[in-house]
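This report describes selected features of a protein structure for a reader who is new to the subject. Please keep the sequence and the model in view while reading.

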Amino acid sequence: LKEGKEMCDNKNRIITIEELMKLLNIGKNTAYRLLESREIKGFILGNKWKIPIESVNSYIIKMTDDTN
């Protein structure tokens with residue numbers, strides 16, 4: 001990724017936990033752990049998690065920076 005390049009065109013997009021699982025290729029337990037630990041920030045609306053794509057982008061950047 002180039003610095004400053006967005007991973008998603010729409011910075012304000014909100015995704016579901018299912019979309020998070022597909023994006024990161026992770027299981028449901030891992031997705032819930034990332035949200036509950038606030039490693040990825042999201043919120044519950046009704047009984048469903050809503051996750052700003054910017055939060056996912058930030059997590060990916062942080063994880064990439066931590067591994068280099």
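## Strand, patch and two helices

Strand E2 spans residues 43-45 and includes leucine 45. The model is a predicted one. Leucine 45 has a relative accessible area of 54%; because exposed means over 50%, this residue counts as exposed. Together with Ile14 and Phe43, Leu45 makes a nonpolar surface patch of about 280 Å².

The two helices can be read in a parallel way, and the table sets out their residues.

| Helix | Buried residues | Arc around the axis |
|---|---|---|
| H1 (residues 17-24) | Ile17, Leu20 and Met21 | 100° |
| H2 (residues 28-36) | Ala31, Leu34 and Leu35 | 95° |

Which residues of helix H1 are buried? They are Ile17, Leu20 and Met21. These residues cover an arc of only 100° around the axis, and they therefore lie on the same side of H1. An α-helix has 3.6 residues a turn, so residues three or four places apart point the same way. On the face of H1 turned away from the buried side, Lys22 and Leu23 are exposed. Asparagine 25, just after H1, has a positive phi of about 55°.

In helix H2, the buried residues are Ala31, Leu34 and Leu35. Their arc around the axis is only 95°, which means that they are on the same side of H2. The other side of H2 holds the exposed residues Asn29 and Glu36. Arginine 38 follows H2, and its phi is positive, near 70°.

Terms used:
Residues numbered from 1 in each chain as written. Predicted model: local features only at pLDDT ≥ 70, side-chain atom pairs only at ≥ 80, totals over all residues. Heavy atoms only, no water. Patch = residues over 30% accessible without salt bridge, like charges linked within 9 Å, V, L, I, M, F, W, Y side chains within 5 Å. Areas by Shrake-Rupley, 256 points an atom, 1.4 Å probe, with all protein chains shown as cover. Salt bridge = Lys/Arg side-chain N within 4 Å of Asp/Glu carboxyl O. Helix = DSSP H or I, 4+ residues; strand = E, 2+ residues; numbered from the N terminus. Buried < 20%, exposed > 50% of the residue type's maximum accessible area, 1.4 Å probe, protein only. Arc of directions from axis to C-beta.
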